[in-house]
Amino acid sequence: MAMDNISKEIEAKFGNQLRTRVNGILIDGDRLLMVKHRMGNGRILWSVPGGGMHFGSTAAENLKREFMEETHLDIAVGDYLFVHEYLNPPLHAMEHFFAVKRINGNVKLGKDPELSGENQILLEISWKSIFDIQSIPDDSLHQIFWGIKSLSELGLWKGYFNFGNNSIK
């Protein structure tokens, strides 16, 4: 299949390298803050706010920056929860997940400064209940949310996860 422009830019910026990413689990009552991403070739992905780390900045500093860019929220970074290895060539990332709390601001969809204006991948920001998350097809949902029964599970997980990356032999 031929790649569209978004797919080409994603591969050019993030592909064929190992990236370290930070992600924030922000739960308010019975809802989780999630962002809908355009992944190219008509594919979408719902996940939590987060992104790549910048050299010289701590994980907490990077996660605060990513939250501000994507959600316009000022957050406090809490407990380290778990790491997930994402491997689907050309993309490969070690994704570190943290609990976060809102300090200030109102949720508003931001932009990804690493991508050009016409190839922005952030489409929507939304508070999702467990029932909303369970209704998203797996191919449009980050793997850490596949099959979860409650949002409280996310705070209980500890360790390294790799949910069936077919690329690892």
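# Exercises on salt bridges, a helix and a strand

At 34% relative accessibility, D28 counts as partly exposed, and this value, like the others below, comes from a predicted model.

**Exercise 1.** Find out which residue D28 meets in a salt bridge, and where in the chain the two partners lie.

*Solution.* Begin with the side chain of D28, which forms a salt bridge with that of R102, with a distance of 3.6 Å from N to O. Next, place the two residues: D28 belongs to strand β2 (residues 27–28) and R102 to strand β7, so that the pair links distant parts of the chain, 74 residues apart. Finally, consider the surroundings of R102, whose relative accessible area of 35% makes it partly exposed, because this class lies between the limits of 20% and 50%.

**Exercise 2.** Examine the salt bridge between E95 and R21, and decide whether its partners are buried or exposed.

*Solution.* The structure holds five salt bridges, and in one of them the side chains of E95 and R21 come together at 3.5 Å, N to O. Since E95 is part of strand β7 (residues 91–104) and R21 is part of strand β1 (residues 17–25), the bridge ties together parts that are 74 residues apart in sequence. As for accessibility, both E95 and R21 are buried.

**Exercise 3.** Describe how R65 and E69 are placed in helix α2, and which network they belong to.

*Solution.* First, the closest N and O atoms of R65 and E69 are 3.4 Å apart, and the two residues form a salt bridge. Second, both residues sit in helix α2 (residues 59–71), where they are separated by about one helical turn because they are four residues apart. The general rule behind this step is that an α-helix has 3.6 residues a turn, so residues three or four places apart point the same way. Third, R65 and E69 are linked with E66 in a network of salt bridges. In this network E69 is partly exposed, with a relative accessible area of 21%, whereas E66 is among the buried residues of α2.

**Exercise 4.** Check the length of α2, and work out on which side or sides of the helix its buried residues lie.

*Solution.* To check the length, take 1.5 Å a residue, which gives an expected span of 18 Å for the 13 residues of α2; the end C-alpha atoms are 18 Å apart, and the two values agree. The buried residues of α2 are N62, L63, E66, F67, E70 and T71. They lie on the same side of α2, because they cover an arc of only 135° around the axis. The elements that cover these buried residues include β1, β3 (31–40), β5 (50–52), β6 (74–88), β7 and β8. Just after the helix, H72 has a positive phi of about 65°.

**Exercise 5.** Contrast the settings of F97 and K111 by asking where each residue lies and what it touches.

*Solution.* F97 is found in strand β7, and its relative accessibility of 0% makes it buried. Leaving aside residues up to four places away in sequence, F97 touches N23, I25, V48, Y80, L81, F82, H84, H142 and I144. One of these contacts, N23, is 74 residues away from F97 in sequence, yet their C-alpha atoms are 4.8 Å apart in space.

K111, by contrast, lies in the loop between β7 and β8 (122–129), and at 58% relative accessibility K111 counts as exposed. With the same neighbours in sequence left out, K111 touches E69, Q120 and L122. The C-alpha atoms of K111 and L123, which are twelve residues apart along the chain, are separated by 9.1 Å.

Technical notes:
Residues numbered from 1 in each chain as written. Predicted model: local features only at pLDDT ≥ 70, side-chain atom pairs only at ≥ 80, totals over all residues. Heavy atoms only, no water. Salt bridge = Lys/Arg side-chain N within 4 Å of Asp/Glu carboxyl O. Buried < 20%, exposed > 50% of the residue type's maximum accessible area, 1.4 Å probe, protein only. Contact = heavy atoms within 4.5 Å. Expected span 1.5 Å × (residues − 1). Arc of directions from axis to C-beta.
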